[in-house]
Amino acid sequence: MLALAGCFCLVGCGWLAGDKGELSSTLEVQAVRPEIKSLVLLPVQNWSGFKAPLTQVEQVMQGRLQAMGFTVLDEKRREECMRRQRIRDTSGVGRKAALAFKTETGVQAIMVTCLETYQEANPPKLTLHARLVTAEKMPRILWAESVGLDGNQHPGLLGLGLIKDQNILIDKAVNSLALSLAAWLDAEKNRHQGQDWRREEEQEGWRLPGFGRQSRYLPRTSFRSKNMEAPGRFTVAVIPFLNVSSRKYAEQILAVHLVNKLLRYDNITVLEPGVVREEMLKGRALMPAGPSLEVADLFFKREELGVDLILSGEVFDYQDVIGLPKVDFSLQAFDKKSRETVWYSRSFNTAEAGEGFFDVGRIYTAHGLTVRMAHGAMAMMLQ
Amino acid sequence: MNDKRKVLSALFAALLCFTSGCASTVFKNHDMDFGALQNIAVMPFQNLTGEEASAERVRDAFMGGLLATGAMYVIPAGEVNRGVGRSGMRVPTEPTSEEIKKFGEVMQVEAVITGVLREYGQIRSGSSVANVLSLSLQLIEVETGKVVWSASSTKGGISVTDRLFGGGGQPMNRITEDVVDDLLDKLFQ
């Protein structure tokens, strides 16, 4: 009987490891008094490649933000402003759009939400990215977070923890993002006390020697040029990747993952992806064969952007909904001073690689893999 | 006496078999100073397989591996593409000597590498299935337009263990790494 009970316990212990950091156990978010009081929530950008309940996600997000004490701009005024400024892409905030929101609606910040993965059933899957950007002449990223959930992630005892309703998954994902935002706001308020808003494992794993069992997410091949300077204060622009995979939007998904990771370094300023897009459109930059110095120069020559490093690469695999999660990408960084490739790395992983006894340590989503792989690559690049 | 001749003949035959089995697939121009190569461009690989984008995957892995050696600077793929356009190269997978010279002048490189991806994917034998990758490369000096190094490598495939106990062989990414390492060893040996 004891052995049987032990087995049941082990089966239900999937949550002990694996996607631990991606699902918050507490759903309560304390209302805080942020410095930023009003914001506009942009319509959810769909990167899933499937039809998804975007309005529902937006409504849940809006409700949560209001519960946190934010004044969210009403839909009518948002749509009017977007129509006037001809804003169609909502995956980022350009300089023109940020300024327009500030002057026309008076909001202080813009919340960008992107749906990376959505699967309705068998099991439901959801991955959500959110980013808070200032509404000013040069939009700055204040906070960014992502969450990836799978209904089978925490089966629990006798499968009682399985989630079959996608509505629950949406609520959980939004709550997880809200918790992170609340932590950031709280840390901002108590910055003088050295409070850190980053998740525990992010703080621990920031230095390479502490990477420990996560070492399998480090790049398989890497190159660092002697021209790559020791980390000081610098600005990075992450430009969309060259997508060689069959997954639509993989180039933007990878770029946003890296933005999220880089934002957690105190000495790095990351250019808002919307500004990057705006500059690339303005310069009519095309990358049919991957990142080039020609595109990098677009950013290096614009002094007001202050970009020191360009980060890009190629995505070879991004398998999230069908089959086992699998991610394969390479990174390349161009330095302003040397105008050379100062960093190259190639990372690939599949979900099955870390599966242990009774699925302990199993990663259920491509998002989970990418978060770790991006973390590993950035930790190695910036060590 | 007759027995002695038989033994010698057998030994000679065995030696012949052994040496033919060790036939090298590497060509290296010994007059070439490989240490003088500072900047190099890896052209898009010719893809003889049915797998779309596989040549790009392998090329990226090779470029990364070569860059990681620190022996020379590898021009980024986007720059190579720009150079192809600017030098008027018609088929970048099979450039002519004149095109290579022009490309070298435009991109300021001392050599280019061209490649042919001959196999990339699964092979089947009976009930066994495994991944296999076969790649051949050529290093062409820009100044003369001549091939100064050439090598090929094939890795993966169905092993005896796979046949006896089943199993699908190595993942393709691992095999790609093995092929790249093997070719780099041949280049720097």
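## A tour of the predicted model

Select A:Cys114 and show its sulfur, which lies 18 Å from the closest cysteine sulfur, in A:Cys81, and is therefore too far away for a bond. A disulfide here would be a pair of cysteine sulfur atoms within 2.5 Å, and a search of the whole structure finds zero disulfides over all chains. A:Cys81 is likewise in no disulfide. With 0% relative accessibility A:Cys81 counts as buried, and A:Cys114, at 2%, counts as buried too; buried stands for under 20% relative accessible area, exposed for over 50% and partly exposed for what is in between, with a 1.4 Å probe and protein chains only.

Before going on, keep in mind that this is a predicted model in which local features need pLDDT of at least 70 and side-chain atom pairs count only at pLDDT 80 or more, while totals for chains, interfaces and linings use all residues, and that side-chain values use heavy atoms, with hydrogens and water left out. Residues are numbered from 1 along each chain as its sequence is written, and chains are lettered from A and ligands numbered from 1 in the order in which they are written.

**Strand β5 of chain A and its partners**

Next select residues 125–134 of chain A, which form strand β5, a mostly covered strand with 10 of its 10 residues buried. Helices (H or I, at least four residues) and strands (E, at least two) are DSSP runs, numbered from the N terminus. Turning the view around β5(A), you will find buried residues on both faces, among them A:His129 and A:Arg131 on one side and A:Leu128 and A:Leu132 on the other.

Now add the strands beside it, remembering that two strands pair if DSSP finds at least two bridges between them. Strand β4 (residues 109–119) of chain A is antiparallel to β5(A), with 10 bridges in the pairing, and across this pairing A:Tyr118 stands opposite A:Leu126. The hairpin of β4(A) and β5(A) has five residues between the strands, and within this hairpin A:Asn122 takes a positive phi near 60°. Strand β6 (residues 141–150) of chain A also runs antiparallel to β5(A), joined to it by nine bridges; here A:Arg131 is the residue opposite A:Ala144, and six residues lie between the two strands of this hairpin.

**The nonpolar cores**

A nonpolar core is a set of buried Ala, Val, Leu, Ile, Met, Phe, Trp, Tyr and Cys residues joined through side-chain atoms within 4.5 Å. In the largest one, of 60 residues, those touching the most other members include A:Phe101, A:Ile110, A:Leu262 and A:Met378. Colour helix α10 (residues 366–381) of chain A, because the nine residues that it gives are the largest share of this core.

Centre the view on A:Leu262 and look for contacts, that is, heavy atoms within 4.5 Å. Leaving aside neighbours within four places in sequence, the residues in contact with A:Leu262 include A:Val236, A:Ile268, A:Leu311 and A:Leu382. Moving to chain B, you can pick out B:Met32, B:Ile75, B:Phe103 and B:Val180, which are among the members of a second, separate core of 50 residues.

**Salt bridges within and between chains**

The structure holds 25 salt bridges over all chains, where a salt bridge is a side-chain nitrogen of Lys or Arg within 4 Å of a carboxyl oxygen of Asp or Glu. Select A:Arg78 with A:Glu58, whose side chains form one such bridge at 2.8 Å, N to O. A:Arg78 belongs to helix α3 (residues 75–85) of chain A and A:Glu58 to helix α2 (residues 54–67) of chain A, so this pair ties together parts that are 20 residues apart in sequence. A:Arg78 is buried at 4%, and A:Glu58 counts as buried at 12%.

For a link between chains, select B:Arg57 and A:Asp317, which meet in a salt bridge of 3.1 Å, N to O. Since B:Arg57 sits in helix α2 of chain B and A:Asp317 in strand β11 (residues 309–319) of chain A, the pair joins two chains. Both ends count as buried, B:Arg57 at 15% relative accessibility and A:Asp317 at 13%.

Finish with A:Arg95, A:Glu279, A:Lys282, A:Arg302 and A:Glu304 shown together, as these residues are linked in a network of salt bridges.
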